[in-house]
Amino acid sequence: MFRKNVNDGERAGGRSVLEHGHEGAVPGGEEKAGVSRRTLTTSAALTATMLLAGGGTAQAGPGKARGAKDLTLRLPAPTGPHRIGVTTLYLVDRTRRDPWEPLPVREVMATVFYPARTVRGYPVAPQMSRGAAERLPFIDPLFHEGLPAKGVNWAGTKTHAHTGAPTQDARRPVLLYSPGGGDPRTLGTGIAEELAGRGYVVVTIDHPGDGSEVEFPHARAGRKKVRETVFRGNPRTDPKTFRTAIDTRIADTRFVLDQLEALAAGRNPDAAGRPLPEHLGRALDLRRVGIYGHSAGGTTAAEAMYEDRRIQAAINLEGFLDHPPASPGQEGKLFPIAQYGTDRPLLLLGSDGFPYKRELERSWSAMLAHRHGCTTRRQLDHAAHAVFNDYAVIAPQLQAAGLMSAAHRIELVGAIDPAVSVPLVRHHVVSFFTRHLPTC
């Protein structure tokens, strides 16, 4: 995700959802008009109400004593009818060198969420691997101002998915997910679980060297077991870095899709040879493939669909569709999908609190201007950029525990209550894929 200081740009406010450039109503959006900081503080304290279905309230509070147990965060429960299984894939592309560091191959980590036949006897998976969770408080606060450097048990957050559970005996549409710039794939757990619980196989992809912390099964020459991001600022300020990031992400996405084809053909693509859940390959219906992504991942999702005919529908969660300008005052080149349009469904979903909203408008308007296109646009009000990932529920819990200020919470996810934002984002994502890639 690319962060900008709140004071660097104007906050757009009060605009409603747009579809093909026409105004419409955001379900629940009008209820949040005029949210004050006092209301926000009360709302954050009540976040536990929404999280009860997710396995309990967050631990600790504003006045916790030194040495007390660190805060354990909770993710909201998925609402679909299916129990969820999960596994990870370590994938190695030997045809590409790593673009960020002197490694002879390109390595990618992915997580697969899927409808499970049974979960009995299979442990619930953590949101993050222990090594990645240990590095997060040293890295992520550099990119997301206001995140605490201590006081959170990041390794303690549980998902609602069960490691290695056998898959259902049914072929399912496949959805790929690319996270925000500098973010790990694990921050997309909430939406991935919601989709898997509704009958999709969801593959979340890490982009090592870009993602903040990525843990591999083992170390290798040239990198540690946990690989950290090379970014030290906003890649949009460096056209070469931005181009490399997006090109690499698109190549990673196409490579993962190639490996899923190998998996569907009965092979195990995991480079470490780790066992896979029973019948996982048989669950993949690669005739029905979609993609969604956040920020730089949204850029990736849209352009990957343009470049790869295997992808039939895409959601761009507030990602640019143009390159940054080579120098101030100029306009960056549009990505081909914005320049030429698409004949496949594309949803552009944004927030009114995105500080780069004015810059984003040029490429999104170009996308919508194609007369025979298949692009729609929606907007969440009283929300900010990270409302589209797990920070939507994490930030209010941090605020309620006294570990994040109200101002930083607003900057990160907006004033919108997670009891509103989580169902609303899920509604947009699920309804789009249900319409264009139905599970039956």
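**Group meeting: a helix pair and a ten-strand sheet**

Okay, let's start with two helices. Helix 9, residues 391-400, and helix 10, residues 406-413, have axes that come within 10 Å and cross at roughly 180°. Anything over 145 degrees counts as roughly antiparallel, so that's what we call helix 9 and helix 10. Keep in mind, please, that this is a predicted model.

Who touches whom here? From helix 9 we get Tyr 391, Ala 392, Ala 395, Pro 396 and Gln 399, and they meet Ala 406, Arg 409, Leu 412 and Val 413 of helix 10. Sort that contact by class and you have 7 nonpolar residues, 1 polar and 1 charged.

Right, zooming out. The chain has 440 residues, and 59% of them are buried. There are 11 helices and 14 strands. If you take contacts between residues at least 6 apart in sequence, 78% of them join residues at least 24 apart.

Now the sheet. It's an open one with 10 strands, and the order goes 5-6-3-4-8-7-11-12-13-14, with mixed pairing. At the edges sit strand 5, 124-126, and strand 14, 375-380, each pairing on one side only. Going from one strand to the next, the twist averages 30°.

Let me stay with strand 11 for a bit, that's residues 284-294. How many of its residues are buried? It's 9 of 11, so to speak a mostly covered strand. On one hand, strand 11 pairs with strand 7, residues 172-178, in the parallel sense over 7 bridges; look for Leu 175 opposite Gly 290 of strand 11. On the other hand, it pairs with strand 12, residues 313-317, again in the parallel sense, over 5 bridges. There, Gly 293 stands opposite Asn 316 of strand 12.

And how does the chain get from strand 11 to strand 12? Through helix 6, residues 296-307, in a β-α-β crossover that is right-handed.

Helix 6 is worth a look from the sheet's side too. It lies across strand 7, strand 11, strand 12 and strand 13, the last being 346-351, and it runs at about 140° to strand 11. Then there's helix 11, residues 418-436, which also packs on the sheet. Helix 11 touches strands 7, 11, 12, 13 and 14, and its direction makes about 160° with that of strand 12.

One last pointer while you rotate the thing: in a regular strand, side chains alternate between the two faces of the sheet. Okay, that's me done.

How values were computed: Residues numbered from 1 in each chain as written. Predicted model: local features only at pLDDT ≥ 70, side-chain atom pairs only at ≥ 80, totals over all residues. Heavy atoms only, no water. Axes fitted to C-alpha atoms, helices over the stretch in contact; angles between N-to-C directions. Helix = DSSP H or I, 4+ residues; strand = E, 2+ residues; numbered from the N terminus. Parallel < 35°, antiparallel > 145°, perpendicular 65-115°, else oblique. Contact = heavy atoms within 4.5 Å. Nonpolar A, V, L, I, M, F, W, Y, C, P; charged D, E, K, R; others polar. Buried < 20%, exposed > 50% of the residue type's maximum accessible area, 1.4 Å probe, protein only. Pairing = 2+ DSSP bridges. Right-handed = clockwise from strand over helix to strand, strands pointing away.
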